[in-house]
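This briefing concerns aromatic contacts and one pocket in a single protein model. Please consult the sequence and the structure shown below before reading the points that follow.

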Amino acid sequence: MSSPQLSAGTMTLYTGFTRLCKGIAVVLVGGHIVVQILPSALSYLALIPAKTIPFAWNLITAGYTEQSIYGLFISTIGLLFVGKLLEPIWGSREFLKFIFFVNFLTSVCVFITAIAMYYITKQEIYLYMPVAGFQGVLSGFLVGIKQIVPDQDLWFLKIKAKWLPSLALLVSIIVSIFTTESASYLPTMIYGTFIGWIYLRYWQRKPETKLRGDPSDEFSFSTFFPEFCRPVINPIATIFERMLCGRRSEISDESGGYTLGGTTLPGSDPIEASRRRERGARALEERLTAERLAAAGKTDETQKDATENV
């Protein structure tokens, strides 16, 4: 009797992917097939800093070009499953905008870093090493999960969702120490995480309030680090606060929100931040409930068919 339930639950797990995510997945698969059939196409699609000036489009195409089958598998699976959570909450337009900005700005930062490293070290590998892959956007997705369901327990890792971006970067740094190939992905993941946070922190438009960003304390830059590191990180993070959203003045004792010129910034109220997290958790719970109901319905149909056959 448990076999139909397992089968139905498995089928439900692999359904419900959004049309937009499926379309982007097709683009990733198509890009991988192209570079496998025509290896020379990699020099036009991947980010090669020495060729970016004449071929500026690789700042966009690099993020959708996977060189290895392993990278394609991880990127496709991550896109489909994370998209099931983020796109219904953000909306398709905002979800696509997030992907575009994170991908493009990550490539720009990687390009600038490669040029700087070349002038510092005089090693041409920084100019001609192809950088490609969707890992920058995937890192940004983890920041989105951190924002929406920070306290959600992840059963497969036994940690809270808010630590996903930090854990992914830590693992990538450790792996890059032992393998030179992984080191080429590390800058993309670092910039993808940072750009994803910048976008959600300061730029993302909130349709319900017509405001931008998420200035709540629970989503500050220091929350990416353990508690004992935050006294050192907070002064550095304050510099970015002043650069990106103006001079931050005193904090209101009653609301705990940010104030700018004596006016409390909407969206910084802990109550609103709590409501935002509740909406994310509720959306996740509703999706899980719908999947369980679908699995139960398929199980009942299977049992009914079995009874009729008997």
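A residue is termed buried when its relative accessible area is under 20%, exposed when that area is over 50%, and partly exposed in between. The model discussed here is predicted. A search of the whole structure finds 21 aromatic pairs, and two of these are described below, followed by a ring cluster, a charge placed over a ring, and a pocket.

**An edge-to-face pair between two helices**

- Phe98 and Tyr199 form an edge-to-face aromatic pair, with 5.6 Å from centre to centre and 75 degrees between the planes.
- Phe98 belongs to helix H7 (residues 92-121) and Tyr199 to helix H12 (residues 186-203), so this pair ties together parts that lie 101 residues apart in sequence.
- Phe98 is buried, at a relative accessible area of 0%, and Tyr199 is also buried, at 3%.

**A stacked pair within one helix**

- Phe100 and Phe104 form a stacked aromatic pair, for which the centre-to-centre distance is 6.2 Å and the angle between the planes is 5 degrees.
- Both residues lie in helix H7, 4 residues apart, so about one helical turn separates Phe100 from Phe104.
- Phe100 has a relative accessibility of 38% and therefore counts as partly exposed, because the partly exposed class lies between the 20% and 50% limits.
- Phe104 likewise counts as partly exposed, at 27% relative accessibility.

**The ring cluster**

- Ring pairs link a set of aromatic residues into a cluster whose members are Tyr64, Trp90, Phe95, Phe98, Phe100, Phe101, Phe104, Phe134, Phe141, Tyr199 and Trp203.
- Members of both pairs described above, Phe98 with Tyr199 and Phe100 with Phe104, are included in this cluster.

**A charge over a ring**

- Which ring lies beneath the charged end of Lys146? The charged end of Lys146 sits over the ring of Phe224, at 4.7 Å from the ring centre.

**The second largest pocket**

- The volume of the second largest pocket is about 390 Å³.
- Its lining consists of 16 residues, and those nearest the pocket centre are Pro165, Ser166, Leu169, Phe224 and Phe225.
- Helix H10 (164-178) and helix H12 each supply at least two residues of this lining, and H10 provides the largest share, 6 residues.
- By class, the lining of the second largest pocket comprises 14 nonpolar residues, 2 polar residues and no charged residues.
- Phe224 thus appears in two settings: its ring lies under the charged end of Lys146, and Phe224 is among the lining residues nearest the centre of the second largest pocket.

Notes:
Residues are numbered from 1 along each chain as its sequence is written. This is a predicted model: local features need pLDDT of at least 70, side-chain atom pairs count only at pLDDT 80 or more; totals for chains, interfaces and linings use all residues. Side-chain values use heavy atoms; hydrogens and water are left out. Rings of Phe, Tyr and Trp (its six-membered ring) pair if their centres lie within 6.5 Å; planes under 30 degrees apart count as stacked, over 60 as edge-to-face and the rest as tilted. Buried means under 20% relative accessible area, exposed over 50%, partly exposed in between (1.4 Å probe, protein chains only). A charge sits over a ring if NZ of Lys or CZ of Arg is within 6 Å of the ring centre and within 35 degrees of the ring normal. On a 1 Å grid over the protein atoms alone, a cavity is a set of points where a 1.4 Å probe fits but cannot get out, and a pocket is an open set with protein on both sides within 12 Å along at least five of seven lines; lining residues have an atom within 4 Å of a point. Grid points are joined across faces, edges and corners, and a volume is the space filled by probe spheres set on the points. Ala, Val, Leu, Ile, Met, Phe, Trp, Tyr, Cys and Pro count as nonpolar, Asp, Glu, Lys and Arg as charged, and the others, Gly among them, as polar.
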